[in-house]
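Trainee: I would like a close look at one part of this model, namely the charged side chains and how they pair along the helices. Please set that part in the context of the whole chain.

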Amino acid sequence: MSGTTRITVTLPTEQVTELRKLTDNVSGYVAEAVARQIRHQLLGDDLRRHQEEQGAFSDEELAEARARIFGTVDGADHTDAA
């Protein structure tokens, strides 16, 4: 496990109340949410950069991406043996 740094975060009271209903490990929950947001931001940056360099994604590329993400193409399940 990587090192940790203790910080203070201010959240609306209502969010903290709901968060405590969801988990006893608030730090772990928040760390995972931050990690997910960072991955989302980095992926978005990569996709924008790719489109700037290669042009917009074609309908076929978008369909393939959706199939890989959701595991289906036109309602049929297609999985690659990777």
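Mentor: R68 and E64 lie 4 residues apart in helix α3 (residues 59-70), so about one helical turn separates them. The model is a predicted one. Within it, R68 and E64 form a salt bridge whose closest N and O atoms are 3.1 Å apart. R68 counts as exposed because its relative accessibility is 58%, whereas E64, with a relative accessible area of 43%, is partly exposed. The spacing of this pair can be read in general terms: an α-helix has 3.6 residues a turn, so residues three or four places apart point the same way. Side chains of opposite charge can then pair when their charged atoms come close.

Helix α2 offers a related case. E32 and R36 are also 4 residues apart, here in helix α2, so they too are separated by about one helical turn. Their side chains meet in a salt bridge at 3.8 Å, N to O; the cut-off for such a pair is 4 Å. E32 has another partner, since the side chain of R39 meets that of E32 in a salt bridge of 3.3 Å, N to O. E32, R36 and R39 are thereby linked in a network of salt bridges. Each member of the network is partly exposed: E32 has a relative accessible area of 38%, R36 one of 45% and R39 one of 46%. A search of the whole structure finds 6 salt bridges, among them those just described.

The helix that carries E32 and R36 spans residues 26-54; its 29 residues reach 42 Å from the first C-alpha to the last, close to the 42 Å expected at 1.5 Å a residue. Just after α2, G55 takes a positive phi of about 95 degrees.

Helix α1 contains K21, whose side chain makes a polar contact of 3.0 Å with the side chain of E18. K21 is exposed, with a relative accessible area of 61%. In the segment before α1 (13-22) lies L11, which belongs with I7 and V9 to a nonpolar surface patch of about 280 Å². L11 counts as partly exposed because its relative accessibility is 35%.

As for the whole chain, the protein has 3 helices and 2 strands, and its elements run α-α-α-β-β from the N terminus on. Of its 82 residues, 6% count as buried. The protein exposes about 7700 Å², of which carbon and sulfur atoms supply 52%.

Definitions and conventions: Residues numbered from 1 in each chain as written. Predicted model: local features only at pLDDT ≥ 70, side-chain atom pairs only at ≥ 80, totals over all residues. Heavy atoms only, no water. Patch = residues over 30% accessible without salt bridge, like charges linked within 9 Å, V, L, I, M, F, W, Y side chains within 5 Å. Areas by Shrake-Rupley, 256 points an atom, 1.4 Å probe, with all protein chains shown as cover. Buried < 20%, exposed > 50% of the residue type's maximum accessible area, 1.4 Å probe, protein only. Expected span 1.5 Å × (residues − 1). Polar contact = N/O pair within 3.5 Å; in protein donor to acceptor, adjacent residues only side chain to side chain.
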